[in-house]
Amino acid sequence: MRNPASSRRLPTVTVSLALAFSLLSGPFALAAGQSIQQEDERVFRFNVSPNGYPPYLINENGKHSGIMWDVVKVISGRLGYRVIPEAIPRKRVDQLLSEGYIDGTTRAKEWTDNPEQFAFTKPVVSIEEVLFIPKDSDLEFEAPKDLFSLTLVTHLGYRHPVLEPHFQSGRIKRFDVSRDKDMFTYVLHGEDMDAAIADRLVGRWILRNEGMQNEFRTSSRTLSEYGFRLMLRKDWADFAEAFNRELAAMRENGELDDILAGYR
């Protein structure tokens with residue numbers, strides 16, 4: 001015979017279970033879903049430097065653009081990462097990258113003291129370093145010896161391997177500045193400054209925007225040409241490989257050329 005007490009308890013149990021399921025499908029379930037989504041979100045903390053590096057990295061009024069920024073944003077999005085910009089001074093980049101404060105920065109291998117400590121992507125673009133010479137100067141550059149006894153304005157922290165032995169010996173003097181656009185001002189108005197070293201595209205961008213495009217000429221001979229890449233921590237090697245695959249696809253389908261064309 002059925003126990004009357006158990007019959008009376010059954011509706012109470014059923015209601016309790018129904019209430020529990022309704023709670024799970026309400027705000028509590030939404031909160032749980034948001035928590036899972038936040039845990040699954042992946043971010044890429046990307047150094048854009050305090051002053052940028054136009055036209056590769058441009059920081060204006062809190063907005064970011066530039067060749068490298070656009071490429072990183074597109075590829076990171078396709079790999080499931082949200083890009084977070086971080087403005088790190090050049091002298092602290094390697095340390096903060098190693099410590100995990102940032103995940104990547106733009107760099108040429110040749111500009112890095114210990115490149116074996118990091119992972120690098122394939123080059124996104126080529127950096128072509130040339131001399132920017134005042135138009136009224138008779139300086140002609142064909143070999144490093146043509147620069148002996150001269151002073152070159154350079155970007156703080158940048159290495160120029162072709163000239164490094166001569167900088168160290170003192171045959172060629174270097175004058176460092178922290179902002180690219182200041183290099184040209186120093187050459188024109190500083191004392192005993194003979195030329196500036198800059199990437200051809202960077203220099204042209206600055207001179208055009210500063211209204212000085214008629215004040216300089218570029219050397220016909222390049223100082224160096226380097227691949228401009230992403231530099232990452234070693235534990236981001238898988239990201240670098242995936243980045244390379246997407247970069248190759250962008251190069252093949254013309255998407256990379258479209259980005260470059262927007263900054264030339």
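# Close-up views of the predicted model

**Figure 1. Packing of helix α7.** The buried residues of α7 pack against β2 (58–60), β7, α6, β10 and β11; burial denotes a relative accessible area under 20%, exposure one over 50%, and partial exposure the range in between (1.4 Å probe, protein chains only). Helices (H or I, at least four residues) and strands (E, at least two) are DSSP runs numbered from the N terminus. This is a predicted model, in which local features need pLDDT of at least 70 and side-chain atom pairs count only at pLDDT 80 or more, whereas totals for chains, interfaces and linings use all residues. Residues are numbered from 1 along each chain as its sequence is written, and side-chain values use heavy atoms, without hydrogens or water. The residues that α7 buries are Arg200, Val202, Gly203, Trp205, Ile206 and Leu207. Just after α7, Gly211 adopts a positive phi of about 70°.

**Figure 2. Surroundings of helix α6.** Helix α6 spans residues 180–189, and its buried members are Asp180, Asp182, Met183, Phe184 and Val187. The cover over these buried residues includes the strands β7 (125–134), β8, β9 (173–177), β10 (195–199) and β11, together with the helix α7 (200–210). Asp182 also takes part in a salt bridge with Arg179, with 3.1 Å between the closest N and O atoms; such a bridge places a side-chain nitrogen of Lys or Arg within 4 Å of a carboxyl oxygen of Asp or Glu. Arg179 has a relative accessible area of 33%, and therefore counts as partly exposed.

**Figure 3. The salt-bridge network around Arg233.** By the rule stated for Figure 2, the count comes to 12 salt bridges. One of them joins the side chains of Arg233 and Asp103, at 3.3 Å from N to O. Arg233 belongs to strand β12, whereas Asp103 sits in the loop between α4 (93–98) and β5 (104–107), so this pair ties together parts 130 residues apart in sequence. Arg233 and Asp103 are both buried. Arg233 forms a salt bridge with Asp235 as well, at 3.2 Å from N to O. The relative accessibility of Arg233 is 14%, so Arg233 counts as buried, whereas Asp235, at 58%, counts as exposed. Asp103, Arg233 and Asp235 are thus members of one network of salt bridges.

**Figure 4. His160 and its contacts.** His160 occupies the loop between β8 (151–155) and α5 (164–169). Its relative accessibility is 4%, so His160 counts as buried. Apart from residues up to four places away in sequence, His160 touches Glu129, Thr154, Phe167, Arg174 and Ile197, a contact being heavy atoms within 4.5 Å. With Glu129, the side chain of His160 makes a side-chain polar contact of 3.1 Å. A polar contact is a pair of N or O atoms within 3.5 Å; within protein, one must be able to donate a hydrogen and the other to accept it, and residues adjacent in sequence count only if both atoms are side-chain atoms.

**Figure 5. The largest cavity.** The model contains 1 cavity of 30 Å³ or more, a cavity being a set of points on a 1 Å grid over the protein atoms alone where a 1.4 Å probe fits but cannot get out, with lining residues having an atom within 4 Å of a point. Points are joined across faces, edges and corners, and a volume is the space filled by probe spheres set on them. The largest cavity holds about 70 Å³ of space. Its lining is formed by Tyr53, Trp111, Ile127, Glu129, His155, Tyr158, His160, Asp180, Met183, Ile197, Ala198 and Asp199. At least two lining residues come from each of β7, α6 and β10, and β10 gives the most, with 3 residues. Glu129 and His160, joined by the polar contact of Figure 4, are both among the lining residues.

**Figure 6. Buried Thr112 and Ser219 in loops.** Thr112 lies in the loop between β5 and β6 (118–120) and is buried, with a relative accessible area of 2%. A polar contact of 3.2 Å links the side chain of Thr112 to that of Arg107. Beyond four places in sequence, the residues that Thr112 touches are Asp94, Arg107, Phe118, Phe120, Arg159 and Met231. The C-alpha atoms of Thr112 and Gly157, 45 residues apart along the chain, are separated by 9.9 Å. Ser219 is placed in the loop between β11 (216–218) and β12 (224–233), and counts as buried at 3% relative accessibility. A polar atom of the Ser219 side chain lies 2.8 Å from the backbone oxygen of Arg221. Neighbours within four places aside, Ser219 is in contact with Val130, Leu131, Ile133, Phe141 and Arg200.

Methods. On a 1 Å grid over the protein atoms alone, a cavity is a set of points where a 1.4 Å probe fits but cannot get out, and a pocket is an open set with protein on both sides within 12 Å along at least five of seven lines; lining residues have an atom within 4 Å of a point.
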